[in-house]
Each structure stands twice: as C-alpha cells, then as structure tokens.
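Subject: Structure handover

Hello,

Here is the structure I promised you. Please open it and keep it on screen while you read.

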Amino acid sequence: MPFELPPLPYEVDALEPHMSAQTLKYHHGEHHRAYVDKLNELIHGTGLDARSLETIILRTAGDDRKTQRKIFNNAAQAWNHAFFWDCMSPKGGGAPARPLARQMDKVFGDFDKFKGLFKKSATGQFGSGYAWLVLDGGMLKVRSSANAMPPMVEGQTALLGCDVWEHAYYLDYRNRRADFVDVFLDELVNWEVVAMRLESQLAQRPVRLAMR
Ligand code: FE2
C-alpha cells in the first residue's frame, strides 16, 4: 500500500483536557485511517499510486469525474489531517515567539486581532471545512475552506489549520464550534511548528503586509 496512516506526534491522551483521548481515537484512528485506506483503494492500478500525496491532490483538484473527485477528497483529507495533528502540541497555545509574533502583529495589528479573525473564519465556515493561516504570494492571510479543500490547490502555503468538521469537536464540545476554536487557539496551537513553516517559506519570498 503506498500510503500509511501517520502516527500522532503525541500520545492519544496528551491533549486532554482540551481534546479528549476519545476524540483523537476516533478522529485519527477511524476518520483519518478511513481516508488513507479509501485513497489506497481508489488509486490502486491508476498510476497515481506511485505519486506523492501533494501531486495526487493537485492532479485531481477540479476534476469533475466521479472517481477523480473521490480520489481528491480522500487524498486531501489524508493530507489535511496529518497537517492538523502537527499544528497541535500538549504544550501548545499561548502566543507565538518573535519573529513570527512580529510578522503577525505587522499584518493583523496584534495577536488578539489575529485570533478574532481566525475564529471568525472558523465559525463562519458553513458546514464542514477548515480555518487556515496561509502564506499567499508572500502575504500572510487568514481564510477558510469548504469540505476537504487544502490551500495548496490555490497556490497557498498552509502555516496553520484548524479542522472544523463536526467530528473534530462534537464529542468534547457538542455543537459549540466557537468554544472548540477558542481552546484550539488558547491551548493547543504549536506555534513553533507554525514559525518553522513560515521561516522555510520566508527564505524564498519576503512577507508583504496584507490581510483578508
Ligand atoms: Fe477531521
């Protein structure tokens, strides 16, 4: 099988009490696993099975054929979830350190304004999807996307992503998505990883001032 379920970067109960072991057990062990298994089944013998996840996503994005749509959805969800696990840490939350903090202040005004924008994006996404902090043409932006769509399809680099499908929070927060997003920002975000992602991109292009 070309793709395997990546292990969580922490123990299944490591994010408690903010994200329960039960949530991670289902979200990683059942939902994420199902996306990876289904992807392997769909790409078997298609020639895509030798390609990277990113290549599969970009090659099938926007293709309306039924099987291609299914491949895209499962590949994108396999990627989104691996990315999402790395966005969190048992020692997460708080505020980013410099120089990321400085970049964010320049673009969003201050960290609280960024959090407000990210929360608005996460709660404003109708139905299933994600809230993102992305680098787009050298500009930091906050946005959301519907269903499985990852920012790479629009040429953006994801720096931070929050899964706002109900399966991400329903066991712990029921229908209170806003509470889940608050906890994600205040207690779970691994800002060191976000900073590393930004730094690796900055080496290629400087950040310009913009917000959306
Ligand atoms: Fe999810």
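Does Asn-147 count as buried, exposed or partly exposed? Its relative accessibility is 43%, so Asn-147 counts as partly exposed. Bear in mind that this is a predicted model.

**Two unusual backbone angles**

Asn-147 sits in the loop between β2 and β3. Its phi is positive, about 55 degrees, although Asn-147 is not a glycine. Arg-174 is another residue to look at. Its phi is also positive, about 50 degrees, and Arg-174 is not a glycine either. Find Arg-174 in the loop between α6 and α7 (177-188). With a relative accessible area of 45%, Arg-174 is partly exposed.

**The iron site**

Next, go to the iron ion. Four protein atoms serve as its donors: NE2 of His-27, NE2 of His-81, OD of Asp-163 and NE2 of His-167. They lie 1.9 to 2.1 Å from the iron ion. Why is the arrangement called tetrahedral? The 4 donor atoms subtend angles of 92 to 128 degrees around the iron ion, and that makes it tetrahedral. To count as tetrahedral, all angles must lie between 85 and 135 degrees.

Now trace the donors along the chain. Their spacing in sequence is H-x53-H-x81-D-x3-H. The pair His-27 and His-167 links distant parts of the chain, 140 residues apart. His-27 belongs to helix α1 (residues 21-43). His-167 lies in the loop between β3 and α6 (170-173). His-27 has 0% relative accessibility, so His-27 counts as buried. His-167 has 18%, so His-167 counts as buried too. The cut-off for buried is under 20%.

**The strands**

Turn to strand β1, residues 129-136. In β1, 8 of the 8 residues are buried, so the strand is largely enclosed by the rest of the structure. Look at which way the residues point. Gly-129, Ala-131, Leu-133 and Leu-135 point one way from β1. Tyr-130, Trp-132, Val-134 and Asp-136 point the other way. Both sets are buried.

Which strands pair with β1? One is strand β2 (residues 139-146), which pairs with β1 in the antiparallel sense over 8 bridges. Here Tyr-130 stands opposite Ser-145 in β2. β1 and β2 form a hairpin, with 2 residues between them. Gly-137 is in that turn, and its phi is positive, about 60 degrees. Strand β3 (residues 157-163) is another partner. It runs antiparallel to β1, and 6 bridges join the two. Leu-135 of β1 has Thr-157 as its bridge partner in β3.

**Two cis peptide bonds**

Check the bond from Glu-16 to Pro-17. It is cis, with omega near 5 degrees. Pro-17 is found in the segment before α1. The bond from Arg-98 to Pro-99 is also cis, with omega near 0 degrees. Pro-99 is in the loop between α3 (66-86) and α4 (100-108). Remember Pro-99, as that name comes back below.

**The empty spaces**

Rolling a probe the size of a water molecule over the atoms shows where empty space is left.

Start with the largest pocket. Its volume is about 200 Å³. The lining of the largest pocket has 16 residues. Pro-96, Ala-97, Asn-190, Trp-191 and Glu-192 lie nearest its centre. Which helix gives the most to this lining? That is helix α8 (residues 191-202), with 4 residues. By class, the pocket lining has 8 nonpolar, 4 polar and 4 charged residues.

Then look for the cavity. The count is 1 cavity of 30 Å³ or more. The largest cavity holds about 40 Å³ of space. Its lining is made of Pro-99, Leu-100, Gln-103, Ala-195, Leu-198, Glu-199 and Leu-202. So Pro-99, the residue after the cis bond from Arg-98, is back. α4 and α8 each supply at least two residues of the cavity lining. α8 gives the most to the cavity lining, with 4 residues. By class, the cavity lining divides into 5 nonpolar, 1 polar and 1 charged.

That is the handover. Write back with any questions.

Best wishes

Conventions:
Residues are numbered from 1 along each chain as its sequence is written. This is a predicted model: local features need pLDDT of at least 70, side-chain atom pairs count only at pLDDT 80 or more; totals for chains, interfaces and linings use all residues. Side-chain values use heavy atoms; hydrogens and water are left out. On a 1 Å grid over the protein atoms alone, a cavity is a set of points where a 1.4 Å probe fits but cannot get out, and a pocket is an open set with protein on both sides within 12 Å along at least five of seven lines; lining residues have an atom within 4 Å of a point. Grid points are joined across faces, edges and corners, and a volume is the space filled by probe spheres set on the points. Ala, Val, Leu, Ile, Met, Phe, Trp, Tyr, Cys and Pro count as nonpolar, Asp, Glu, Lys and Arg as charged, and the others, Gly among them, as polar. Buried means under 20% relative accessible area, exposed over 50%, partly exposed in between (1.4 Å probe, protein chains only). Two strands pair if DSSP finds at least two bridges between them. Donors are N, O and S atoms within 2.8 Å of the metal (3.2 Å for Na, K and Ca); water is not among the atoms, so sites may look incomplete. Four donors count as tetrahedral if all angles lie between 85 and 135 degrees; four count as square planar and six as octahedral if opposite donors are over 155 degrees apart and all others between 65 and 115; anything else is irregular.
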